[in-house]
Amino acid sequence: SVRFETEILPLGGNPGFGASGGDEVRFLMSANAGEPPGRISRIASGGELSRIMLVMKDVLSERDGVQTMVFDEIDEGVSGVAAQRVGEKLCRLSGTKQVICVTHLPQIAAMADGHFHIEKSERNGRTYTDVSLLDGEGRAAELARLHGGENITITTLASAREQLEAAEKYKGNCREGLPK
């Protein structure tokens with residue numbers, strides 16, 4: 001039941017335009033049925049803003065010159081099927097752009113073509129960040145950790161492998177017909 005509207009108001013005054021044009025443009029949305037649309041800048045959460053940006057970037061990506069997009073925790077406030085849809089949208093976008101995404105959700109991480117594990121640690125009173133590229137088994141173990149925390153079991157690993165297989169199938173279908 002999400003509604004999205006654009007409000008375009010003339011600036012008015014004299015001379016009737018400013019450095020950025022002659023209109024003030026506002027994006028409005030209503031995330032819930034029965035609620036009037038309001039300014040996105042006032043009512044959207046950080047996660048909602050990220051997802052709105054994702055949709056707008058997807059729609060406008062054919063015309064912009066941007067080759068790389070970075071999304072930091074676009075999964076904020078979503079889970080389940082909604083997270084899967086965000087992952088699918090990122091997959092479609094990655095067919096024509098380089099997409100870098102920081103995520104904590106297995107539904108989104110499973111869609112990655114390259115999956116890195118990033119870990120902060122403290123050594124000798126300093127904070128260090130370690131980044132490592134994960135192979136197939138490393139990805140399964142990381143997805144299992146995202147599913148079950150420290151309690152990685154045969155079942156969570158099997159689920160993670162199944163999720164990776166489903167993601168690969170989706171990505172293959174998603175990218176059919178895209179320019180190579």
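Biologist: Does Glu-88 count as buried or exposed?
Modeller: Keep in mind that this model is predicted. A residue is called buried when its relative accessible area is under 20%. Glu-88 has a relative accessibility of 12%, so Glu-88 counts as buried.

Biologist: Which residue does Glu-88 meet in a salt bridge?
Modeller: Look along helix α3, which spans residues 80–94. Three residues from Glu-88, about one turn of the helix, sits its partner. That partner counts as partly exposed at 46% relative accessibility. The N to O distance in this salt bridge is 3.3 Å, and the partner is Arg-85.

Biologist: How many residues apart are Asp-113 and Lys-171?
Modeller: These two form a salt bridge, with their closest N and O atoms 3.1 Å apart. The pair links distant parts of the chain: Asp-113 is in the loop between α4 and β6, while Lys-171 is in helix α6. Their separation along the chain is 58 residues.

Biologist: Is Lys-171 buried or exposed?
Modeller: Its partner Asp-113 has a relative accessible area of 56%, so Asp-113 is exposed. For Lys-171 the relative accessible area is 4%. Buried means under 20%, so the word for Lys-171 is buried.

Biologist: With which residue does Asp-130 form a salt bridge?
Modeller: Asp-130 is partly exposed, with a relative accessible area of 35%. Its partner is partly exposed too, at 36%. The closest N and O atoms of the pair are 3.4 Å apart, and the partner is Arg-123.

Biologist: How many salt bridges does the structure hold?
Modeller: Some of the residues are linked in a network of salt bridges, namely Glu-7, Glu-24 and Arg-26. For the structure, the number of salt bridges is nine.

Methods:
Residues numbered from 1 in each chain as written. Predicted model: local features only at pLDDT ≥ 70, side-chain atom pairs only at ≥ 80, totals over all residues. Heavy atoms only, no water. Salt bridge = Lys/Arg side-chain N within 4 Å of Asp/Glu carboxyl O. Helix = DSSP H or I, 4+ residues; strand = E, 2+ residues; numbered from the N terminus. Buried < 20%, exposed > 50% of the residue type's maximum accessible area, 1.4 Å probe, protein only.
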